[in-house]
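Visitor: I'm new to this one. Could you pick a single part and take me through it slowly, with enough background to place it?

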Amino acid sequence: MFFEKMKVKKIILAAVTFIMIGVFSSCSEEKDNRKKITISWWGGESRHEATINAIKAFEEKNPDIKADVVFGAWDGWENSMTAAFYAGTHSDINQINTNWISEYGSEKELFLDLNSVSEHFDLSNYDKSSLEQCTLNGKLQAVPVSVTGRVFYWNKTTFEKAGLEIPSSLSELYNAGTVFRETLGDGYYPLVLGEYDRMVLMVYYLCSVYGEPWISDGKLNYTTAQIEEGMEFINSLEDGHVIPTIAEILGDGAVTFDKSPELISGKYAGIFEWDSASAKYARALEDGQELVAGDYFEDIGKYKGGFSKISVAFAISENTKYPEECARLLDFILNDPEGAVIMGTERGIPLSASARKACEGAGLLGGIEAMANSKVLEWSMFSLDVNFENPRLKVNPEGVYYDVFSGLSYGDYTTEEAAEMISDGFSDVLT
């Protein structure tokens with residue numbers, strides 16, 4: 001079992017990390033009679049600000065409830081949450097990835113069946129298919145916030161500096177790698193990819209070539225030889241000065257790319273990210289730079305190889321003392337027009353019908369987030385299997401993705417060895 005495999009040292013370190021993450025209390029410390037609930041999430045600064053403001057607005061309308069929040073960046077967050085789930089110290093309300101429902105929720109009763117609080121949370125705003133993705137053993141264990149997919153974002157200002165249009169094809173991207181090095185210098189790259197980003201882009205590449213979902217019916221659909229083709233593709237991006245090496249990226253000293261001085265200054269001129277993260281990166285750039293959503297590359301293969309998934313969801317702890325109050329808070333920030341407008345598109349274009357209508361009326365659906373989301377919905381022909389984000393594969397730094405793509409970049413693994421490790425990793429997860 002997953003929890004049984006965890007080492008005690010890792011649990012303790014992760015728990016300490018979770019405790020040290022910034023905590024915001026929305027009121028002073030004087031004693032009061034309000035019902036106290038906690039809510040946690042990860043994200044960038046703009047997401048933190050929007051969520052805190054929405055919670056403040058909720059508290060003003062509900063003086064009987066006090067909400068304390070825990071938030072931080074993604075790096076290390078899943079390890080911290082794993083420790084909290086194991087120890088039973090997770091928040092009353094938790095932002096989660098949908099794969100956590102089966103990965104953690106199947107081990108022990110962690111999340112409340114939201115059907116039991118439907119009197120206080122309006123489930124009619126959500127379509128049946130999205131709710132089914134958050135259902136386990138007949139229990140609705142979370143409410144989905146939005147649908148997201150990976151798209152290219154480009155720093156238009158840097159490309160103009162290099163005398164180039166933003167790339168609309170893979171061949172143009174390869175050309176940009178050469179031009180960037182010759183005209184701007186060795187420190188400029190048209191694209192930057194971390195280890196997990198490389199895995200996602202490799203799958204997009206292979207699905208575009210072969211037209212098969214990465215996983216279906218609990219089975220990996222790609223052979224080791226095909227995966228090796230994907231590894232060679234990733235290597236070609238490094239060789240062509242399209243992306244920096246992992247060593248160069250780590251040398252920046254930034255935990256996430258929106259904190260990277262190289263991306264902020266425009267030296268890293270592209271990312272392959274979730275459409276729900278666009279605001280974080282747009283706001284990270286220095287003044288005078290413009291981030292735009294790009295197109296998928298049709299010259300990779302004859303198939304539309306992108307995939308979409310539920311971006312994030314919110315779950316209520318099974319052990320909360322105040323399920324009704326938690327449901328009321330979630331309903332305000334996800335469904336209520338006032339709360340939805342404050343939250344905006346920080347977690348993507350809302351799935352909630354009432355929230356989407358409110359955001360559209362407030363003029364919030366015409367920016368880069370909406371453009372990127374429309375590209376995802378138009379292009380992506382596959383849904384991401386929850387096993388793709390299994391912690392044994394995805395957790396940084398000990399997950400398979402990080403080991404494989406770091407080792408590939410450093411030259412520790414051949415493309416054949418890296419492909420075998422990915423194939424073995426999925427065999428372990430899927431069996």
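**A close look at one helix**

Guide: Happy to, and bear in mind that this is a predicted model. Let's begin with the background. In this chain, residues 24 or more positions apart account for 76% of the contacts with a separation of 6 or more. The chain holds 20 helices and 15 strands. Its radius of gyration is 22 Å, close to the 22 Å that the globule rule gives for 431 residues, so the chain is as compact as a globular protein of that length. Along its principal axes, the C-alpha trace spans about 65 × 50 × 40 Å.

Now for our part: helix H9, residues 195-210. How far apart are the end C-alpha atoms of H9? They are 23 Å apart, and since 16 residues at 1.5 Å a residue should span 22 Å, the two values agree.

Is H9 mostly covered or uncovered? Mostly covered: 14 of its 16 residues are buried, meaning under 20% relative accessible area. For the chain as a whole, 58% of the 431 residues count as buried. As a bit of general background, an α-helix has 3.6 residues a turn, so residues three or four places apart point the same way.

What comes right after H9? That's Gly211, and its phi is positive, near 70°.

Stepping back to the outside, the accessible surface of the chain comes to about 17900 Å², with 49% of that belonging to carbon and sulfur atoms. As for charge, you'll find 36 positive and 67 negative side chains, and the centres of those two sets lie 6 Å apart.

Note on methods
Residues are numbered from 1 along each chain as its sequence is written. This is a predicted model: local features need pLDDT of at least 70, side-chain atom pairs count only at pLDDT 80 or more; totals for chains, interfaces and linings use all residues. Side-chain values use heavy atoms; hydrogens and water are left out. Helices (H or I, at least four residues) and strands (E, at least two) are DSSP runs, numbered from the N terminus. The radius of gyration is taken over C-alpha atoms; the globule rule is 2.2 Å times the number of residues to the power 0.38. Buried means under 20% relative accessible area, exposed over 50%, partly exposed in between (1.4 Å probe, protein chains only). Contact means heavy atoms within 4.5 Å. Accessible areas come from the Shrake-Rupley method with a 1.4 Å probe; for residues, only the protein chains shown count as cover. Lys and Arg count as positive and Asp and Glu as negative; His and the chain ends are not counted. The place of a charge is taken as NZ of Lys, CZ of Arg, CG of Asp or CD of Glu. The expected span of a helix is 1.5 Å times one less than its number of residues.
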